[in-house]
Amino acid sequence: MAQIRHFLVFEVAEKAIEVAIVTLFTTEVQTDEDCGLSWVDTSNKENKAFLLEDISRPLVTTTDDSAGHVLWLLNFDNV
């Protein structure tokens, strides 16, 4: 699970290489038993670059005001 921070385009040998710089969360996605929504702990993270073609479809997310290290995944079942 990651959040995209930036998109970059490099030209190499006259070919455009599209890259996404992401914050990668290093913990497993969890499921809340009460509401059934998935979430990830954002306190453990690292930044990495990925080819844009290797990035999956975006998810709808929201933060939790009561727990600043939680990112809720609103359509995780739609991956």
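**View 1. Val-40 sits across from Leu-71 of strand β7.** The view is taken from a predicted model, where local features need pLDDT of at least 70, side-chain atom pairs count only at pLDDT 80 or more, and totals for chains, interfaces and linings use all residues. Residue numbers start from 1 along each chain as its sequence is written, and side-chain values use heavy atoms, with hydrogens and water left out. β7 covers residues 67-73, and four bridges tie this strand to β4, with the two running antiparallel. Strands here are DSSP runs (E, at least two residues), as are helices (H or I, at least four), all numbered from the N terminus. For two strands to count as paired, DSSP has to find at least two bridges between them.

**View 2. A hairpin links β3 and β4.** Strand β3 (residues 30-31) and strand β4 (residues 38-41) run antiparallel and share two bridges. Look for Thr-31, whose bridge partner in β4 is Ser-38. Six residues lie between the two strands, and Gly-36 in that turn has a positive phi of about 80°.

**View 3. Another hairpin takes β6 into β7.** Here the connection is made through two residues. Strand β6 (residues 61-64) pairs with β7 in the antiparallel sense, over four bridges. Asp-64 has Ala-67 of β7 as its bridge partner.

**View 4. The loop between β1 and β2 holds Ala-13 and Glu-14.** Ala-13 isn't a glycine, yet has a positive phi of about 50°. Glu-14 is also a residue other than glycine, and its phi is positive too, near 60°. Ala-13 is exposed, at 76% relative accessible area, and Glu-14 counts as exposed at 75%. For these labels, buried means under 20% relative accessible area, exposed means over 50%, and partly exposed is in between (1.4 Å probe, protein chains only).

**View 5. Thr-23 is tucked away in strand β2.** The strand spans residues 15-25, and Thr-23 counts as buried because its relative accessible area is 5%. Its side chain makes a polar contact with the side chain of Arg-5, at 3.1 Å. A polar contact is a pair of N or O atoms within 3.5 Å; within protein, one must be able to donate a hydrogen and the other to accept it, and residues adjacent in sequence count only if both atoms are side-chain atoms. Leaving aside residues up to four places away in sequence, Thr-23 touches Met-1, Ala-2, Gln-3, Arg-5, Lys-45, Glu-46 and Asn-47, where contact means heavy atoms within 4.5 Å.

**View 6. Lys-48 and Glu-46 form a salt bridge.** Searching the whole structure turns up one salt bridge, defined as a side-chain nitrogen of Lys or Arg within 4 Å of a carboxyl oxygen of Asp or Glu. The closest N and O atoms of Lys-48 and Glu-46 are 3.7 Å apart. Lys-48 is partly exposed, with a relative accessible area of 36%, and Glu-46 is partly exposed at 34%.

**View 7. Leu-8, Phe-10 and Val-12 make a nonpolar surface patch.** Together these residues offer about 260 Å² of accessible area, computed by the Shrake-Rupley method with a 1.4 Å probe; for residues, only the protein chains shown count as cover. Patches take residues with over 30% relative accessible area and no salt bridge, joining like charges within 9 Å and nonpolar side chains (Val, Leu, Ile, Met, Phe, Trp, Tyr) within 5 Å. Leu-8 belongs to strand β1 (residues 2-12) and is partly exposed, at 34% relative accessibility. In a regular strand, side chains alternate between the two faces of the sheet.
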